[in-house]
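Subject: The model I promised you

Hi,

Here is the structure we talked about, so open it up before you read on. My notes on what turned up in it come right after.

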Amino acid sequence: MKKTKLISALCAVVLTFGAAAAPVGDMISDGYEITAAADENRYVFHDDDVCDIYAQLNSSNTLTITGISIYQPPIDLRIPEEINGVTVTAIGEGAFAGESNFWDVYIPDTVTGIGDRAFSGCKSLTDIRFGKNLKSIGNEAFKDCTDMMNNFDYDTSSDNGKSRIIGRYILPEGLESIGDSAFAGCRSIGDIILPRSLTYIGSNAFPQEQTDPDGGTICCYKGSYAEDHLKSLGAGYEYANDIAAGAVTLDYKEDIRRYYQYFYDNKAKEPEVILTDAAENLLVKGRDYDLYYEGDNKNPGSFSVCVEGKDGYFGKRELTVWILEAGDINRDLKVDTKDAMLAVRYAKKELMFDPYRVYSGDVNNDGKIDSKDAMRIISIAKKSV
């Protein structure tokens with residue numbers, strides 16, 4: 001019998017008897033293909049001839065991922081939420097240990113546990129995206145994943161003058177336990193953000209607990225179990241709920257130009273901000289922080305936009321915002337022939353401007369500074385004399 005006929009026959013059997021708690025033989029599924037084998041508790045997810053992901057049926061009628069075969073390396077590995085209607089809830093002990101043929105791993109929200117040594121020694125693994133319902137990470141789960149990083153950016157202060165990519169791992173809120181040496185040896189991991197929900201952290205869980213020159217910073221929430229744990233080790237850490245550890249930017253409106261500049265119009269400026277904490281949670285004004293202004297926010301000059309944490313957050317951040325006359329390229333709070341000459345020299349490519357000056361000098365708002373802007377600046381200067 002040809003393979004296609006065998007597949008059709010088996011599909012007909014499954015459809016005849018309907019969904020069952022236990023699989024019919026060895027189930028290989030990408031939504032289109034089912035074959036049979038001897039072990040009735042073994043499932044296989046077939047991903048378009050790229051890889052087969054193996055799973056074992058649990059007594060709770062859920063699946064634990066047990067291994068993989070990769071046919072077209074390297075790949076981005078996406079753990080399926082289910083195989084043939086059975087939910088994947090765990091990644092088993094040593095499931096992917098030593099595998100070097102995938103870079104990124106996406107774990108679905110259905111997975112609540114990652115077993116011991118699940119990804120240990122996966123030296124090509126660079127990025128893991130955890131599901132939001134993860135509860136436990138086992139012993140040595142990611143040990144010696146030497147290239148692992150997340151939300152990466154570039155750090156030019158590395159050895160040998162080369163750029164090193166560092167990351168920030170944000171472990172999901174709801175995570176309760178991290179096993180021994182779970183991230184030990186992950187020398188590229190950069191910062192790790194520990195959630196409030198943790199109730200257990202094993203020994204040597206992070207490279208930052210040792211004298212690892214590549215280790216980033218551990219961030220935890222003030223008053224959390226993680227803070228008590230790190231204190232007991234004498235390990236360094238920062239607070240994730242310190243406003244200074246998050247990110248803040250102006251919430252741009254139509255009346256504010258990029259690079260924190262307004263053009264003067266004799267009206268008070270009250271910009272809003274977009275504020276996130278170290279775990280990239282969007283904070284809410286009035287609940288998580290207060291917003292206020294310091295300095296003159298109406299007349300030409302600069303003033304500060306201040307955010308200060310409240311309730312579960314603390315600390316303060318400031319942003320400097322300028323109010324300038326259109327054409328005030330040198331930011332001396334007046335428009336004169338000096339600004340016009342700067343515009344002419346820039347238009348002739350005799351000078352290079354930073355973006356701040358470009359926006360100040362582009363008085364006709366056509367995205368560039370040229371002789372037209374220089375003439376308008378001269379006209380503005382004459383009126384101000």
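First a term you will need: two residues are in contact if they have heavy atoms within 4.5 Å of each other. Helices (H or I, at least four residues) and strands (E, at least two) are DSSP runs, numbered from the N terminus. Keep in mind that this is a predicted model, where local features need pLDDT of at least 70, side-chain atom pairs count only at pLDDT 80 or more, and totals for chains, interfaces and linings use all residues. Residues are numbered from 1 along each chain as its sequence is written, and side-chain values use heavy atoms, with hydrogens and water left out.

The overall picture

The chain has five helices and 25 strands. Of its 385 residues, 44% are buried; buried means under 20% relative accessible area, exposed over 50%, and partly exposed in between (1.4 Å probe, protein chains only). Among contacts with a separation of 6 or more, 44% link residues 24 or more positions apart. The chain exposes about 19400 Å², and carbon and sulfur atoms supply 48% of that (areas come from the Shrake-Rupley method with a 1.4 Å probe; for residues, only the protein chains shown count as cover).

Helix α2

Try this one on screen: which residues of helix α2 are buried? In α2 (residues 225-233) they are Ala 226, Glu 227, His 229 and Leu 230. They sit on the same side of α2 because they cover an arc of only 160 degrees around the axis, taking the arc as that of the directions from the helix axis to the C-beta atoms. Here is the rule behind it: an α-helix has 3.6 residues a turn, so residues three or four places apart point the same way. The cover over the buried residues of α2 includes β17 (200-201), β18 (218-220) and β19 (238-239). Lys 231 and Ser 232 are exposed, on the face of α2 turned away from its buried side. Just after α2 comes Gly 234, with a positive phi of about 70 degrees.

A parallel sheet

Strands of a sheet pair through backbone hydrogen bonds, either parallel or antiparallel. Here, two strands count as paired if DSSP finds at least two bridges between them. One open sheet has three strands in the order β5-β8-β10, with parallel pairing. Its edge strands, β5 (75-78) and β10 (127-129), each pair on one side only. On average, neighbouring strands of this sheet are turned by 15 degrees against each other, direction ignored (axes are lines fitted to C-alpha atoms, for helices over the stretch in contact, and angles run from 0 to 180 degrees between N-to-C directions). Three bridges connect β8 (residues 102-106) with β10, and Asp 104 has Asp 127 in β10 as its bridge partner.

Ile 79 lies in the loop between β5 and β6 (82-83) and is buried, at 5% relative accessible area. Its C-alpha atom is 5.4 Å from that of Ile 107, although the two are 28 residues apart along the chain. Leaving aside neighbours within four places in sequence, the contacts of Ile 79 include Ile 65, Val 88, Phe 96 and Pro 108.

A mixed sheet and some hairpins

Another open sheet, of four strands, has mixed pairing and the order β21-β25-β24-β23. What about β24 itself? Seven of its nine residues are buried, so β24 is largely enclosed by the rest of the structure. β24 (residues 301-309) runs antiparallel to β25 (residues 316-324), joined by eight bridges. Val 305 is paired with Leu 319, and Val 307 stands opposite Arg 317 in β25. On the other pairing, β23 and β24 are antiparallel over six bridges, with Leu 291 opposite Val 307.

For another hairpin, look at β2 and β3: three residues lie between them, and Asp 48 in the turn has a positive phi of about 45 degrees. β2 (residues 42-47) and β3 (residues 51-57) are antiparallel, with six bridges.

Cysteines

How many disulfides does a search of the whole structure find? Zero, counting as a disulfide any pair of cysteine sulfur atoms within 2.5 Å. For Cys 145, the nearest cysteine sulfur is that of Cys 122, 5.1 Å away. Cys 145 is buried, at 0% relative accessibility.

Have fun exploring!
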